[in-house]
Amino acid sequence: MARAGVTADRLTVVAADLADEIGLENVTVAALARHFGVKDASLYFHIRNARDLRVRVALLALAELADRVAAALAGRAGKDALVAFANAYRDYARRHPGRYAAMQIDLDPETAAASAGVRHAEMTRAILRGYRLPEPDQTDAVRMMHSTFHGFVSLERTGGFRHTPRATDDSWSRALDALDAVLRNWPPA
């Protein structure tokens, strides 16, 4: 590929695609340079280092997922919204394992505050308003929801559910039923 086609945005998208194909841990500046047919050093005009590249992939993934979740949530409330959010999250993680892994990168506070992670938090809290949870219960529920979604998706991705014949989709559905029941019957402090 021609050197003129290399931009920071293009590097980010190609790195994200590579992460989905070969795993985020295998996406290096050298691998990207090979893909573009250029020397490693030429990429440093567009990115600072491998960490910068991974953060860019994380920000791209957060934005993509926020857009998908927002579309899934449109016109929904209560359990329907919870299930739509969860399914969009799980589907994204399954289709984009490298991007999903990048979303787990610890971002510095300034970068995190400017990212689509803020939209994720707002959408999660919008769902929880339907369950009428006050603070600090709402924060606890946000953490529980993320832990449930991330935990299930992570175990599913690494084969953690292969030891039983029950379909993971059935377990996912029951986990969402249980999460909805807990949110509707949140225990008093």
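Colleague: Happy to look at this with you! Which residues does UniProt give for the feature "DNA-binding region"?

Modeller: Glad to help; keep in mind that this is a predicted model. The feature comes from an unreviewed UniProt entry. Along the stretch it covers, the chain is 60% helix and 0% strand, and the end C-alpha atoms are 12 Å apart. UniProt places the "DNA-binding region" at residues 28-47.

Colleague: And L43, which residues is it in contact with, leaving aside its neighbours within four places in sequence?

Modeller: L43 is among the residues with the most contacts inside the largest nonpolar core. Beyond those sequence neighbours, its contacts are V6, L11, V29, L32, A33 and V38.

Colleague: Which helix supplies the largest share of the largest nonpolar core?

Modeller: That core has 55 residues, and L82, F85 and F149 are also among those with the most contacts inside it. Helices that each supply at least two residues include α1 (8-22), α2 (29-36) and α10 (168-184). The largest share of this core, 10 residues, comes from α4.

Colleague: Now the largest pocket: which helix gives the largest share of its lining?

Modeller: The pocket holds about 540 Å³ of space. Its lining has 22 residues, and those closest to the centre are L62, G117, H120, A121 and H146. At least two lining residues come from each of α4 (50-73), α5 (78-95), α8 (117-129) and α9 (137-157). The largest share, 6 residues, belongs to α9.

Colleague: How many residues of that lining are nonpolar?

Modeller: The lining also has 7 polar residues and 1 charged residue. The nonpolar ones number 14.

Methods
Residues numbered from 1 in each chain as written. Predicted model: local features only at pLDDT ≥ 70, side-chain atom pairs only at ≥ 80, totals over all residues. Heavy atoms only, no water. 1 Å grid on protein atoms, 1.4 Å probe; cavity = no way out; pocket = protein on both sides within 12 Å on 5 of 7 lines; lining within 4 Å. Points joined across faces, edges and corners; volume = space filled by probe spheres on them. Helix = DSSP H or I, 4+ residues; strand = E, 2+ residues; numbered from the N terminus. Nonpolar A, V, L, I, M, F, W, Y, C, P; charged D, E, K, R; others polar. UniProt positions renumbered as here; feature names shortened; annotations may be inferred. Core = buried A, V, L, I, M, F, W, Y, C linked by side-chain atoms within 4.5 Å. Buried < 20%, exposed > 50% of the residue type's maximum accessible area, 1.4 Å probe, protein only. Contact = heavy atoms within 4.5 Å.
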